[in-house]
Amino acid sequence: PFSNDSYDEDGWIRQGRNTSSRRRMGDDPVLLSHVPHAMEHVKSLLMSNKGSSSLCVPMEEIADLLANDFLLEMDRIASEVQKTQLSHVRNGGEEYHRSVEDAVLGMRLSEEASSYYNDSTDNPENAVMIKIEWVTKASILNVRTPPFQKVYKPHFDLLRRNYCDTSSKTDPDLKHVLTRIFVLLCRYDTISALKGVNHAAIPPRAFEAMSRNFGISHECFASPLNRVSPSYNSIFPDVDRFFGSLGSFFDFLPLEGSFEANPPFDGESTSIMFEHIFGLLQRTDTEKNALSFLVVVPKTNDALSCVNGSPFLRKMAVIDTESSENYIHKGASSIKKVMHDNTTTYHFKQPMTINGNKLGDSWSRSTTMLLWLQNDHGHTMWTPTEEKVESVVYGFLAPPAFE
């Protein structure tokens, strides 16, 4: 069960919005002003002296002013686009929806072989890339290469299945599926290039152990491209909702349940996440509602400072692939280190399998913390015993660990 209500004290406002998300209801979620470190990125571009089109702004104060003006202008343009879109929807009705169908927009689908594979033992389907092109009249008249996105066929098939499961009632004939997949791929390409930080998916083996031992069936930070659970939050509700997303975690107000949280590996996302989780735990009826979060973050001083001394921290395990052993805090014995090779994480630009081995089955972070944050009832229901915690830790290690 989830709540649509929120609180107006201690930094909470109404309409299910936590002020830590730094956004107003109805805002465009991809605005640069909402992207961590966007200001610094724009400033570095303005001051760069590399390339023939570099701007070479000489003073940091001037770059500050220009970057701020640029971000404000992007906000203004986005607002105008949103108003125009809403106006078209109101005035056009069904005509508007027909005008943005795949066939009308010029979305084209094709397949091509990938050079990633060179082993005959690979599944041939995994070597196929799906190409989605947006062929406009302007691109044809100007003999210009149309915008396109590529994705490996298993990922495309997964997105299409998710779309059918989620949006079949509103788009029964799948007349918008290519456009929505194309927009989703563009959106995640943009944000990954701008943010410059990693967000590794939880290995399926580890998530299975979490589900089996702690009743976890929801990911607080995922995307339609790398989610492991059918139930998940993601960064772009406007795009991701067509593929099953329940929206931003910072608008997510569960009253009870067991959840996994693996935020992007930047300090701002991590601190805001802890703020939101502790707010949820503080406001639950601990005698009636069991609430639990298993948080996966890199081991940093900032992350430790967020949880040290909290009464909600019930257990902490550390996975250190470069140390002599992995260990569990709060009354636990050590887990011996197991060496492994070639770790990687899910990404839609990568195939799902290579030589029959599923990518994402191992964890590439050198030092990772697993934190169990629970209210009293949650701790009683999903107690992180040594045996259960070890099962999850082993899920992050590579398959050779079990041979």
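By how much of a helical turn are Asp157 and Lys153 separated in helix α6 (residues 153–167)? Asp157 and Lys153 are four residues apart in that helix, and their separation is therefore about one helical turn. Helices here are DSSP runs of H or I with at least four residues, strands are runs of E with at least two, and both are numbered from the N terminus.

The structure is a predicted model, in which local features need pLDDT of at least 70 and side-chain atom pairs count only at pLDDT 80 or more, whereas totals for chains, interfaces and linings use all residues. Residues are numbered from 1 along each chain as its sequence is written, and side-chain values use heavy atoms, with hydrogens and water left out.

## Salt bridges

A salt bridge is counted where a side-chain nitrogen of Lys or Arg lies within 4 Å of a carboxyl oxygen of Asp or Glu. By this rule there are seven salt bridges, including those in the table.

| Salt bridge | Closest N to O distance |
|---|---|
| Asp64 and Lys43 | 3.1 Å |
| Lys131 and Glu133 | 3.8 Å |
| Asp157 and Lys153 | 3.0 Å |

Asp64 belongs to helix α2 and Lys43 to helix α1 (residues 38–47), so their salt bridge ties together parts that are 21 residues apart in sequence. Burial is judged by relative accessible area: buried means under 20%, exposed means over 50%, and partly exposed is in between, with a 1.4 Å probe and protein chains only. Asp64 is partly exposed at 30%, whereas Lys43 is buried at 14%. Both Lys131 and Glu133 are buried. In helix α6, Asp157 is buried with a relative accessible area of 18%, and Lys153 counts as buried at 16%. Elsewhere, salt bridges that share partners join Lys43, Glu60 and Asp64 into one network.

## A buried acid without a salt bridge

Asp240 is found in helix α9 (residues 237–240). This residue is buried yet has no salt bridge, and the nearest side chain of opposite charge, Arg187, is 6.7 Å away. For charge, Lys and Arg count as positive and Asp and Glu as negative, while His and the chain ends are not counted. The side chain of Asp240 does make a polar contact with the side chain of Tyr188, at 2.6 Å. A polar contact is a pair of N or O atoms within 3.5 Å; within protein, one must be able to donate a hydrogen and the other to accept it, and residues adjacent in sequence count only if both atoms are side-chain atoms.

The loop between α9 and β6 holds Phe243, which counts as buried at 1% relative accessibility. Phe243 and Arg180 are 63 residues apart in sequence, and their C-alpha atoms are 9.2 Å apart in space.

## Strands β6, β7 and β13

In a regular strand the side chains alternate between the two faces of the sheet. Strand β6 (residues 257–261) is mostly covered, with five of its five residues buried. Gly257, Phe259 and Ala261 lie on one side of β6, Ser258 and Glu260 lie on the other, and both faces are covered.

Two strands are taken to pair if DSSP finds at least two bridges between them. β6 pairs with strand β7 (residues 291–298) in the parallel sense over five bridges, and Glu260 stands opposite Leu294 in β7. Eight of the eight residues of β7 are buried. Leu291, Phe293, Val295 and Val297 point one way from β7, while Ser292, Leu294, Val296 and Pro298 point the other way. β7 also pairs with strand β13 (residues 367–374), in the antiparallel sense and over seven bridges. Leu370 in β13 is the bridge partner of Val296.

## Surface patch and backbone

Met59, Ile62 and Leu66 make a nonpolar surface patch of about 240 Å². Patches are made of residues with over 30% relative accessible area and no salt bridge; like charges are joined within 9 Å, and nonpolar side chains (Val, Leu, Ile, Met, Phe, Trp, Tyr) within 5 Å. Accessible areas come from the Shrake-Rupley method with a 1.4 Å probe, and for residues only the protein chains shown count as cover. Ile62 is placed in helix α2 (residues 60–92) and is partly exposed, with a relative accessible area of 36%.

Most residues other than glycine have a negative phi. Leu174, however, has a positive phi, near 55°. Leu174 lies in the loop between α6 and α7 (177–195) and counts as buried at 18% relative accessibility.
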